[in-house]
Every structure is written in structure tokens, then in C-alpha cells.
Amino acid sequence: MFSDIMWGSLAIILIIAIYVTIKKRKRAGVKGIKSALTPICLFCISFVNIVAYFFDFFGLISFGFSVALLMLAAYFTKYLKVPAN
């Protein structure tokens, strides 16, 4: 019971985090899909794990997707803009 509430609240927090990330990118004037690929991959990791929990899909496949998305997120960090001080 408690874990279902926890995972449901995690899904709501994920939606709020995506919204906040989009607003911050717009406010900073960052455009383009290449610089958004790292956060997209990281949000997809959360989504994969939430779906894996609800459908009892834990195991090698969900772990493999998570690791692959983490490696993609690390690879796409080269497209992130360096802030000017």
C-alpha cells in the first residue's frame, strides 16, 4: 500500500520536474534538441523504472534500459551549453 503511494507520488514529481526543466530552458533562452537530450534521457530512466515497478518488469531488461539511457545521457553532455560567468 505504502509503496504504491510512493511510486504514484514519484510519477507526479517526475511530471513537475519535466515542467520545471522546460520553463528553466525557456527562461535561459536555450533552444535546440541536442542540449535537451541529457535531461530527456535522465527523465526516461525514471519513467522506465516507474513502468517496470507497476508491471512487475524488474530485472535484466529494465536494468539494461536504465544503463543504456545513463550512457546516452553521459554522451550527450557534450552538447550542453557552458554558462558564461
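These are legends for a handful of close-up views of one predicted model.

Residue numbers start from 1 along each chain as its sequence is written, and side-chain values use heavy atoms, with hydrogens and water left out. Since this model is predicted, local features need pLDDT of at least 70 and side-chain atom pairs count only at pLDDT 80 or more, while totals for chains, interfaces and linings use all residues.

**View 1. The largest pocket and its lining.**
About 160 Å³ of space lies in this largest pocket. A pocket here is an open set of points on a 1 Å grid over the protein atoms alone, where a 1.4 Å probe fits, with protein on both sides within 12 Å along at least five of seven lines; lining residues have an atom within 4 Å of a point. Points are joined across faces, edges and corners, and the volume is the space filled by probe spheres set on them. The lining is made up of Thr 21, Lys 24, Arg 25, Ala 28, Val 30, Ser 35, Pro 39, Leu 80 and Lys 81. Helix H1 (residues 2-28) gives the largest share of that lining, 4 residues; helices are DSSP runs (H or I, at least four residues) numbered from the N terminus. By type, the lining splits into 4 nonpolar, 2 polar and 3 charged residues, with Ala, Val, Leu, Ile, Met, Phe, Trp, Tyr, Cys and Pro counted as nonpolar, Asp, Glu, Lys and Arg as charged, and the others, Gly among them, as polar.

**View 2. The largest nonpolar core.**
Six names to look for here: Cys 41, Ile 45, Val 48, Leu 69, Ala 73 and Phe 76 make up the core. Helices H2 (37-54) and H3 each supply at least two of its residues, and H2 has the largest share with 3. A nonpolar core is a set of buried Ala, Val, Leu, Ile, Met, Phe, Trp, Tyr and Cys residues joined through side-chain atoms within 4.5 Å. Buried means under 20% relative accessible area, exposed means over 50%, and partly exposed is in between (1.4 Å probe, protein chains only). In soluble globular proteins, nonpolar side chains tend to be buried together.

**View 3. Ser 66 and Ile 45 in contact.**
Ser 66 sits in helix H3 and, at 13% relative accessibility, counts as buried. Leaving out residues up to four places away in sequence, Ser 66 touches Ile 45, Val 48 and Asn 49, where contact means heavy atoms within 4.5 Å. With the same sequence neighbours left out, Ile 45 touches Ser 66, Leu 69 and Leu 70. The C-alpha atoms of Ser 66 and Cys 44 are 8.3 Å apart, with their positions 22 residues apart along the chain.

**View 4. Ala 68 and Gly 64 on helix H3.**
Ala 68 lies in H3 (residues 60-75) and is partly exposed, with a relative accessible area of 35%. Its C-alpha is 9.3 Å from that of Cys 41, 27 residues apart along the chain. Gly 64 is found in H3 too, and at 35% relative accessibility Gly 64 is partly exposed. Gly 64 and Ile 33, 31 residues apart in sequence, are 24 Å apart C-alpha to C-alpha.

**View 5. Ile 50 on helix H2.**
Ile 50 is buried, at 8% relative accessible area. Residues up to four places away in sequence aside, Ile 50 touches Trp 7, Leu 10, Ala 11 and Leu 14. The C-alpha atoms of Ile 50 and Ala 36, 14 residues apart along the chain, are separated by 21 Å.

**View 6. An aromatic cluster of Tyr 75, Phe 76 and Tyr 79.**
Rings of Phe, Tyr and Trp (its six-membered ring) pair if their centres lie within 6.5 Å; planes under 30 degrees apart are stacked, over 60 edge-to-face, and the rest tilted. By this rule there are 3 aromatic pairs. The Tyr 75 and Phe 76 rings have centres 5.4 Å apart and planes at 65°, so that pair is edge-to-face. Tyr 75 is partly exposed at 46% relative accessibility, whereas Phe 76 is buried at 16% relative accessible area.
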